[in-house]
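Me: Got a minute to walk me through this one? I'd like to start with how residues get sorted by class.

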Amino acid sequence: MKNIITTILAAVALPLIASAQLKVNVSIDTTPDEQNMIPKEIYGQFAEHLGSCIYGGLWVGPDSDIPNTDGYRTDVLEALKELKVPVMRWPGGCFADEYHWRDGIGPRESRPRMVNSNWGGTVEDNSFGTHEFLNLCEILGCEPYISGNVGSGTVEELAKWVEYMTAADGPMAKLRAENGRKEPWKVKYLGVGNESWGCGGNMVPEYYSHLYNRYQTYCRDFSGNRLYKVASGASDYDYNWTEVLMKYIGKRMHGVSLHYYTVKGWDGSKGSATVFNEEEYYNTLGKAVGVEPVIVKHISIMDQYDPDNSIDLLLDEWGTWFDVEPGTNPGHLYQQNTMRDAMVAALSFNIFHKYTRRLKMANIAQIANVLQSMVLTRGDKMVLTPTYHTFRMYNVHQDAMYLPSVCDSPKFKDSHDRECPYVDVTASKNAEGKINITLTNTSLDQKADVSIEIPSLGKAELSGEILTSKNVQDHNEFDRPDTVRPVEFDDFKIKDGKIIVKMPPMSIISLSAAL
């Protein structure tokens with residue numbers, strides 16, 4: 001018996017199925033009117049004290065048999081350097097509003113233990129704290145994004161944490177020096193609470209707004225450091241939350257957050273990360289591109305209260321959320337990562353690039369071993385996920401000028417009537433004048449002939465890379481780490497001033513053109 005999605009595809013794109021070939025035309029504007037840059041922070045990461053994200057993922061301690069650099073896993077460090085991570089959010093998530101920073105400083109053997117009641121009841125030994133996180137950011141060359149405790153903390157606690165991290169003199173600077181760090185760190189991003197509508201306190205937006213105003217007042221700039229203060233924003237479709245914050249907080253915040261997860265069902269059901277059928281695949285993509293109208297609506301509300309565009313939108317939690325892998329702790333959110341996840345990442349970036357007038361950061365959940373992660377670790381082994389490879393292929397767009405494009409790809413509708421393109425594209429021009437084009441063919445069974453029109457193409461020097469696999473359920477295991485990995489791509493040519501690309505089904509292709 002044919003499943004629902006087969007019927008939908010037959011209704012929407014019957015001629016394409018008959019020919020099993022997509023014909024798509026793309027035009028790219030290389031001289032846009034607005035110099036719209038893609039902030040590198042769109043490729044941000046998120047590391048929460050959750051499962052083995054921190055312990056075993058990023059940190060093993062300096063005495064571990066696993067190769068490490070001052071306690072940080074050497075293999076993970078090298079992998080993250082390749083990603084050019086621009087910003088990392090920490091320590092949560094829900095964990096942030098139960099985290100008391102003084103528990104994570106001083107000699108590790110003397111730090112108090114706590115129960116991580118949000119995530120599986122695991123005992124947290126606090127061996128990874130402020131120094132370990134901020135030093136990691138310095139090693140990676142990325143901006144730290146601190147998520148402060150508003151739910152169970154105090155104004156004084158958060159104010160003194162800021163002072164501890166950033167002041168050059170005073171009692172907190174003295175305490176920091178006693179713990180081995182004389183010079184203050186540079187800390188730009190400060191989140192004042194997390195998910196205050198839920199695990200961060202179950203607040204209403206009016207109450208949170210007044211609480212934010214109080215907390216941020218006492219989080220001061222020290223020693224030339226300038227804080228960028230982020231209000232705890234809405235989940236998904238809660239547009240009222242954004243409106244209330246814009247009304248009652250306004251320009252006392254530099255940015256407001258938004259969380260959006262690609263979850264299988266309307267009722268919150270998730271399904272397997274690796275065992276799914278055709279309908280579930282297309283439904284996942286439909287939910288992923290559903291972030292676009294959500295971003296548009298939140299931006300439209302912000303525009304009403306902030307026509308000068310001085311307050312940013314930060315999508316500081318996003319990504320796929322499936323069932324945990326069998327046999328793992330349900331509270332640790334360990335899930336595998338397939339070509340489906342790579343498609344979600346690619347489609348998401350294509351959308352994010354369009355709205356960077358207001359959208360200035362995005363942080364995928366999470367960096368290691370949790371949800372849609374970059375790396376998976378087990379003991380001394382590590383694998384790179386398909387999502388990692390997508391991030392690495394897309395990082396050419398960091399701090400590049402966004403080039404608007406028109407793509408006439410046909411679209412499909414999933415079983416929830418959400419529309420998604422078969423072929424999608426994004427493009428940018430970097431500081432050296434090189435044009436980078438990233439193409440995504442979401443179809444499971446149709447090749448795509450894509451014609452790309454670029455003004456003044458001439459005899460451009462082209463290079464390409466492709467990420468694809470035999471089956472969309474393919475993923476990388478510890479004994480098969482290269483099942484899904486990018487390889488060189490050259491199935492393209494320049495003809496009549498256009499780039500003609502032949503795309504396999506379910507593929508992501510990165511092209512670089514030196515004009």
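Reply: Sure. Ala, Val, Leu, Ile, Met, Phe, Trp, Tyr, Cys and Pro count as nonpolar. Asp, Glu, Lys and Arg count as charged, and the others, Gly among them, as polar. Keep in mind that this is a predicted model.

Me: OK, so by class, what does the lining of the largest pocket have?
Reply: There are 10 nonpolar, 4 polar and 5 charged residues in that lining.

Me: Which residues lie nearest the centre of the largest pocket?
Reply: Glu 292, Lys 354, Lys 411, Pro 421 and Asp 424. They belong to a lining of 19 residues.

Me: And which elements give two or more residues to the lining?
Reply: Helix 10, strand 18 (405-407), strand 20 (419-421) and strand 21 (423-429) do. Strand 21 gives the most, with 4 residues.

Me: What volume does the largest pocket have?
Reply: About 400 Å³.

Me: Switching to the barrel. How many strands close into it, and in what order?
Reply: 8 strands, in the order 3-6-9-10-11-12-13-14. Their pairing is parallel. From one strand to the next, the twist averages 30°.

Me: How many bridges join strand 3 to strand 14?
Reply: 3 bridges join strand 3 (residues 44-46) to strand 14 (residues 359-365). For example, Phe 46 has Ala 365 in strand 14 as its bridge partner.

Me: Helix 10 came up before. Which strands does it touch on the sheet?
Reply: Helix 10 (residues 339-352) touches strand 12 (255-263), strand 13 (312-321) and strand 14. Its direction makes about 165° with that of strand 13.

Conventions. Residues are numbered from 1 along each chain as its sequence is written. This is a predicted model: local features need pLDDT of at least 70, side-chain atom pairs count only at pLDDT 80 or more; totals for chains, interfaces and linings use all residues. Side-chain values use heavy atoms; hydrogens and water are left out. Two strands pair if DSSP finds at least two bridges between them. Axes are lines fitted to C-alpha atoms, for helices over the stretch in contact, and angles run from 0 to 180 degrees between N-to-C directions. Contact means heavy atoms within 4.5 Å. On a 1 Å grid over the protein atoms alone, a cavity is a set of points where a 1.4 Å probe fits but cannot get out, and a pocket is an open set with protein on both sides within 12 Å along at least five of seven lines; lining residues have an atom within 4 Å of a point. Grid points are joined across faces, edges and corners, and a volume is the space filled by probe spheres set on the points.
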